[in-house]
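Here's a quick tour to read alongside the sequence and the 3D view. Have both open as you go.

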Amino acid sequence: MREGYKMTELGEIPEDWEVMELGEVFKVITGATPSRQKQQEYFENGNIPWVKTLDLNNSNILSTQESITSKALEETS
């Protein structure tokens with residue numbers, strides 16, 4: 001094992017990191033996909049990261065390609 005790392009059920013991680021459930025760190029919600037027909041209202045200038053199924057393929061999500069607006073969140077969750 002490399003110095004400064006520890007072994008966990010997820011594999012090797014830095015010693016000062018903790019393994020936690022996603023819900024312990026972020027608020028996780030589900031809902032319907034905002035309509036692409038309302039692109040301007042739901043996506044343009046959005047500031048809420050939008051995780052798509054495609055984003056989950058590599059398992060590590062460091063950023064998202066898209067964001068949605070608060071209106072999209074209110075009307076589609």
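## An odd backbone angle

A residue counts as exposed when its relative accessible area is over 50%, and as buried when it is under 20%. N45 comes out at 79%, so it falls in the exposed class. You'll find N45 in the loop that links helix 2 (39-42) to strand 3.

What is the phi of N45? It's positive, at about 60 degrees, even though N45 isn't a glycine. That's worth a look, because most residues other than glycine have a negative phi.

## How far to trust the model

Keep in mind that this is a predicted model. The protein chain has an average pLDDT of 89, with 97% of the residues scoring at least 70. Where is confidence lowest, and where is it highest? Helix 1 sits at the bottom with a mean of 88, while strand 1 (residues 5-8) tops out at 96.

## The largest pocket

The largest pocket holds about 1,400 Å³ of space. Its lining is made up of 34 residues, and those nearest the centre are L22, F26, V28, V51 and I61. Helix 1 (22-25), strand 3 (48-50) and helix 3 (70-76) are the elements that each give two or more residues to that lining.

Sorted by class, the lining has 21 nonpolar residues, plus nine polar and four charged ones.

## Rings and charges

How many aromatic pairs turn up in a search of the whole structure? Zero. There is a charge over a ring, though: R2 lies over the face of Y5, 4.0 Å from the ring centre.

Definitions and conventions:
Residues numbered from 1 in each chain as written. Predicted model: local features only at pLDDT ≥ 70, side-chain atom pairs only at ≥ 80, totals over all residues. Heavy atoms only, no water. Phe/Tyr/Trp six-rings, centres within 6.5 Å; stacked < 30°, edge-to-face > 60°. Lys NZ or Arg CZ within 6 Å of the ring centre and 35° of its normal. 1 Å grid on protein atoms, 1.4 Å probe; cavity = no way out; pocket = protein on both sides within 12 Å on 5 of 7 lines; lining within 4 Å. Points joined across faces, edges and corners; volume = space filled by probe spheres on them. Helix = DSSP H or I, 4+ residues; strand = E, 2+ residues; numbered from the N terminus. Nonpolar A, V, L, I, M, F, W, Y, C, P; charged D, E, K, R; others polar. pLDDT = per-residue confidence, 0-100. Buried < 20%, exposed > 50% of the residue type's maximum accessible area, 1.4 Å probe, protein only.
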